[in-house]
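Here are my notes on this one, as promised. Have a look at the model first, then go through the points below.

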Amino acid sequence: MACTRNQILNLYRNLIRESKKWNTYNFRMYALRKIRQEFQQNKTLQDEKEIEQFFQKGQEALELIKRQVIIGNLYGTRPLIIETNTSSKSKCNNKLV
């Protein structure tokens, strides 16, 4: 089965969409960077077999991300400082002055 351009773009969109659902900042940002990097590296592939292999690898990664997002959401953690809104940061800065 040959992968069409639309199938590959849908896979990319689904990978990005599912990765954004992660509550944990580090996992979310790593997944987004890794997905973009992999697609950027492989955008010039011409061999149909290689494209099919990478497409299958992407499908497996999508299923893995879906499972991990569900598991990660079961165990909530506090947001990192980098994730907190900026209004609370400005309040802290005003108190120090």
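1. Let's begin with the aromatics. Keep in mind that this is a predicted model. Phenylalanine 27 comes out as partly exposed, with a relative accessible area of 48%. The cut-off for exposed is over 50%, so phenylalanine 27 at 48% still belongs in the partly exposed class.

2. Which ring does phenylalanine 27 pair with? The partner is tryptophan 22, and the two rings sit 5.9 Å apart centre to centre with 35 degrees between the planes, which makes the pair tilted. Tryptophan 22 is buried, at a relative accessible area of 11%. So this pair joins a buried ring to a partly exposed one.

3. In total the structure has two aromatic pairs. The other is made by tyrosine 12 and phenylalanine 39, an edge-to-face arrangement with 4.9 Å between centres and 70 degrees between planes. It ties together distant parts of the chain: tyrosine 12 belongs to helix α1 (residues 5-19) and phenylalanine 39 to helix α2 (residues 25-41), 27 residues apart.

4. How accessible are these two rings, tyrosine 12 and phenylalanine 39? Tyrosine 12 has a relative accessible area of 27% and is partly exposed. Phenylalanine 39 is partly exposed as well, at 25%. Buried would need a value under 20%, so neither tyrosine 12 nor phenylalanine 39 gets that label.

5. Now for the helices that carry this pair. The axes of α1 and α2 are 9 Å apart, and the packing angle is about 165 degrees. Angles over 145 degrees count as roughly antiparallel, and α1 and α2 therefore fall in that class. Their crossing is left-handed.

6. Who meets whom across this packing? On the α1 side the residues are Ile8, Leu11, Tyr12, Leu15, Ile16 and Ser19; on the α2 side they are Arg28, Ala31, Leu32, Ile35, Arg36 and Phe39. By type, the contact of α1 with α2 splits into nine nonpolar residues, two charged and one polar. Both members of the edge-to-face pair, Tyr12 and Phe39, appear in this contact.

7. Finally, the whole chain. Four helices and zero strands are present, giving the pattern α-α-α-α along the sequence. The chain has 97 residues, and 19% of them count as buried. Among contacts in the chain with a separation of 6 or more, 69% come from residues 24 or more positions apart.

Technical notes
Residues numbered from 1 in each chain as written. Predicted model: local features only at pLDDT ≥ 70, side-chain atom pairs only at ≥ 80, totals over all residues. Heavy atoms only, no water. Phe/Tyr/Trp six-rings, centres within 6.5 Å; stacked < 30°, edge-to-face > 60°. Helix = DSSP H or I, 4+ residues; strand = E, 2+ residues; numbered from the N terminus. Buried < 20%, exposed > 50% of the residue type's maximum accessible area, 1.4 Å probe, protein only. Axes fitted to C-alpha atoms, helices over the stretch in contact; angles between N-to-C directions. Parallel < 35°, antiparallel > 145°, perpendicular 65-115°, else oblique. Left-handed = near helix turned anticlockwise from the far one by under 90°. Contact = heavy atoms within 4.5 Å. Nonpolar A, V, L, I, M, F, W, Y, C, P; charged D, E, K, R; others polar.
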